[in-house]
Amino acid sequence: MINIIVAAADNGAIGKDGKLLWRLPEDMSRFKNLTTGNIVVMGANTFKEIKRPLPDRINIVVSSTTLPREDLTVCKSPDRAIALASRFPDKEIFICGGQRLYEYFIDIADRVYLTRVRGNYQADAFFPALPPHFALQNCERVCDNGFETEFCTYVTAKN
Ligand SMILES: NC(=O)c1ccc[n+]([C@@H]2O[C@H](COP(=O)([O-])OP(=O)(O)OC[C@H]3O[C@@H](n4cnc5c(N)ncnc54)[C@H](OP(=O)(O)O)[C@@H]3O)[C@@H](O)[C@H]2O)c1
């Protein structure tokens with residue numbers, strides 16, 4: 001099962017200058033609850049931003065330039081990352097950014113955990129449009145640190 005997890009504004013904005021656009025404690029806690037014990041896959045720029053592997057998760061970074069280290073697996077392509085993650089069939093895979101990774105996985109993911117942040121933001125990184133094969137499974141309105149958000153889950157028809 002490949003999940004995408006993202007917080008994106010109405011205009012798709014997800015980041016600027018390598019950083020997130022907002023601080024959303026409830027969203028962070030949702031992220032932690034969903035991903036802990038599972039596998040997180042991220043691009044090199046997103047890893048640069050978070051600086052260290054996320055605890056209690058298998059961390060895979062897609063990169064041709066990041067140096068491998070004991071607490072981190074580096075794969076040169078998204079396909080290799082998925083092949084590696086598939087060695088742990090009891091764990092779910094979470095694609096957690098950034099734009100490059102979302103663009104690659106949006107057509108093959110099974111589920112999208114989308115936190116929609118209301119409003120349009122200036123950005124240089126964006127989440128792609130959801131393909132029409134995704135259907136809304138549930139959605140909850142949350143005021144998170146003063147931001148109007150919706151925690152939504154989309155699944156593909158095969159689920
Ligand atoms: N709002 C959110 O939920 C959220 C979540 C995560 C990130 N973000 C934001 O997104 C922005 C970063 O996005 P980004 O697109 O610049 O960076 P990214 O996707 O995190 O990383 C891009 C890098 O990953 C490697 N990579 C990605 N796709 C690849 C592919 N198909 N084949 C080989 N290597 C690949 C390359 O690294 P090498 O150059 O090392 O080969 C590439 O330069 C930041 O602003 C961050 O804050 C937002």
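A residue counts as exposed if 12 or fewer other C-beta atoms lie within 10 Å of its own, and as buried if 20 or more do. Between these limits a residue is partly exposed. These terms are applied below to a predicted model.

Helix H1 shows both extremes. Pro-25, Ser-29 and Asn-33 are exposed on one side of H1. The buried residues of H1 are Asp-27, Phe-31 and Thr-35. These three lie on the same side of H1, because they cover an arc of only 55° around the axis. The buried residues of H1 pack against a set of strands: E1, E3, E6, E7 (111–117), E9 and E10. After H1 comes Gly-37, with a positive phi near 85°.

The strands that H1 packs against, E1, E3, E6, E7, E9 and E10, recur in the sheet. Eight strands form this open sheet, in the order E5-E4-E3-E6-E1-E7-E10-E9, with mixed pairing. Its edge strands are E5 (73–75) and E9, each of which pairs on one side only. Direction ignored, neighbouring strands are turned by 20° against each other on average. Within the sheet, E3 and E6 run parallel and are joined by three bridges. Here Val-40 stands opposite Phe-94 of E6. Helix H3 (residues 78–85) also packs on the sheet. H3 touches E3, E4 (58–62), E5 and E6, and its direction makes about 160° with that of E4.

The loop between E2 and H1 holds Trp-22. Trp-22 has 17 C-beta neighbours inside 10 Å and therefore counts as partly exposed. Neighbours within four places in sequence aside, Trp-22 is in contact with Val-117 and Phe-147. Trp-22 and Val-117 are 95 residues apart in sequence. In space, their C-alpha atoms are 9.3 Å apart.

Asp-17 is found in that loop too, between E2 and helix H1 (25–35). Asp-17 is not a glycine, yet its phi is positive, at about 50°. Most residues other than glycine have a negative phi. Asp-17 has 9 C-beta neighbours inside 10 Å, so it counts as exposed. Asn-145 also has a positive phi, of about 55°, although it is not a glycine. Asn-145 sits in the loop between strand E9 (134–144) and strand E10 (147–156). With 13 other C-beta atoms within 10 Å, Asn-145 is partly exposed.

The backbone has a further feature at Gly-97. The peptide bond from Gly-97 to Gly-98 is cis, with omega near -5°. Most peptide bonds are trans. Gly-98 lies in the loop between strand E6 (93–95) and H4.

Both glycines of this bond also belong to the surroundings of the ligand. Of the 28 residues around the ligand, Gly-15, Gly-43, Asn-45, Gly-97 and Gly-98 come nearest. Several elements give two or more residues to this shell: strands E1 (2–9), E2 (13–15) and E3 (39–43), and helices H2 (44–50) and H4 (99–105). By class, the shell has twelve nonpolar, 13 polar and three charged residues. Strand E3 thus links several parts of this description. E3 contributes to the shell around the ligand, pairs with E6 in the sheet and is touched by H3.

Technical notes: Residues are numbered from 1 along each chain as its sequence is written. This is a predicted model: local features need pLDDT of at least 70, side-chain atom pairs count only at pLDDT 80 or more; totals for chains, interfaces and linings use all residues. A residue is near a molecule or strand if its C-beta atom, placed from the backbone, lies within 6 Å of it. Helices (H or I, at least four residues) and strands (E, at least two) are DSSP runs, numbered from the N terminus. Ala, Val, Leu, Ile, Met, Phe, Trp, Tyr, Cys and Pro count as nonpolar, Asp, Glu, Lys and Arg as charged, and the others, Gly among them, as polar. Two strands pair if DSSP finds at least two bridges between them. Axes are lines fitted to C-alpha atoms, for helices over the stretch in contact, and angles run from 0 to 180 degrees between N-to-C directions. Two residues are in contact if their C-beta atoms, placed from the backbone, lie within 7 Å. The arc is that of the directions from the helix axis to the C-beta atoms.
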